[in-house]
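Here is a short briefing on selected strands and helices. Have the sequence and the model side by side as you read.

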Amino acid sequence: MRALVTGWPSFLHGEATAGDVLAMEAVRRALDGAGIGCDVAWSPVFRPGGLDLGRADPARYTHLVFACGPLHGAQVEELHRRYARCRRVAVGVSVIDPDDPAVTGFDAVLPRDAPGTAARHDLAALPEAERVPVAGVVLAPGQREYGTRRRHDRIEAELTDWLSGRACARMPLDTRLDPRDWRLFSTAGELESALRRLDVVVTTRLHGLVLALKNGVPALAVDPVAGGAKVTAQARAWSWPAVVTTGERDAPPLLDPAELDRWWSWCLETGGAGRTPARPPSSGLLTDLLAAL
């Protein structure tokens, strides 16, 4: 007996959601625990180099299991044709139309919801997912005032490419406030409340750095202006070491991944250790303001 575990993340033109992937993992673990050999098929877009349906030889399997998602459409129907020799079972799925060929092609359907049946817990609730750091990402667009020294577009491209390779939950955040747009914060308090729940902030914005440190969250700051500008200056004011600057060179790469890796590890292992929300020593700016009035 050998099973091929499939789902919507198996299709080239499918979709991989966290719930689908967790449900397929729950099935894999259950089969493994029962001593049943199995492989998991992934879309080559989602998992390049993994086993895809085009290379999963039907002759190798006695069973095909389809986990999670709705049972409908030509891609599910194609599984019935390609794996006609296998016993085909759908589990943890939504059945919309019991007479759909995508449904009737299975030898057994064990739904999470279907017409006339009681709802059952979704399989995604079963596997324990790995815990990773939560990283807020605060990027600075524009800033044309820096003229030829600005490297914002290149820095952002290199920084986000590097960040995509880190094992972390990335949370894009914006310091712009706009009560008309639900995607943006309406008040500074809303933004700071979100920041306090993060493990680290990666930022090219001055206020990404300041508000992170104010709330006791370590920040990996990257100055997007050649030679350093206000982000670097603010890091000095806070005596904060985790700031990356670039020289005057114009050719990429502008950032050293090894340097980013080093500061990333420092922020998570040392920079946030024992930190509590704090305000910096008074810079005297407000005193100077009052004297100037």
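Helix α7 (residues 230-237) has V231, T232 and A235 as its buried residues. They span an arc of only 100° around the axis, which puts them on the same side of α7. The model is predicted, so the points below describe computed geometry.

**Helix α7: two faces and an exit**

- An α-helix has 3.6 residues a turn, so residues three or four places apart point the same way.
- The buried residues of α7 pack against three elements: α6 (206-214), β9 (219-222) and β10 (243-244).
- R236 and A237 are exposed, and they sit on the face of α7 turned away from its buried side.
- S239 follows α7 and has a positive phi, near 55°.

**The five-stranded sheet**

- Two of the partners of α7, β9 and β10, belong to an open sheet of 5 strands.
- The strand order is β7-β6-β8-β9-β10, and the pairing is parallel.
- β7 (169-173) and β10 form the edges, each pairing on one side only.
- Strand β8 (residues 200-203) runs parallel to β9, and 3 bridges join the two.
- T203 has A221 in β9 as its bridge partner.

**Helix α4 over the sheet**

- Helix α4 (residues 152-163) lies across four strands: β6 (134-138), β7, β8 and β9.
- The helix runs at about 150° to β9.
- β9 is thus a shared element: α4 lies across it, and the buried residues of α7 pack against it.

**Strand β3 and its neighbours**

- How enclosed is strand β3 (residues 63-67) by the rest of the structure? Of its 5 residues, 4 are buried, so β3 is largely enclosed.
- Strand β1 (residues 2-6) pairs with β3 in the parallel sense, over 4 bridges.
- T6 stands opposite F66 in this pairing of β1 and β3.
- Strand β4 (residues 87-94) also pairs with β3 in the parallel sense, here over 5 bridges.
- H63 faces R87 in β4 as its opposite residue.
- From β3 the chain crosses through helix α2 (residues 74-82) to β4, a β-α-β crossover that is right-handed.

Methods:
Residues are numbered from 1 along each chain as its sequence is written. This is a predicted model: local features need pLDDT of at least 70, side-chain atom pairs count only at pLDDT 80 or more; totals for chains, interfaces and linings use all residues. Side-chain values use heavy atoms; hydrogens and water are left out. Buried means under 20% relative accessible area, exposed over 50%, partly exposed in between (1.4 Å probe, protein chains only). Two strands pair if DSSP finds at least two bridges between them. A crossover is right-handed if, with the strands pointing away from the viewer, the path from the first strand over the helix to the second runs clockwise. The arc is that of the directions from the helix axis to the C-beta atoms. Contact means heavy atoms within 4.5 Å. Axes are lines fitted to C-alpha atoms, for helices over the stretch in contact, and angles run from 0 to 180 degrees between N-to-C directions.
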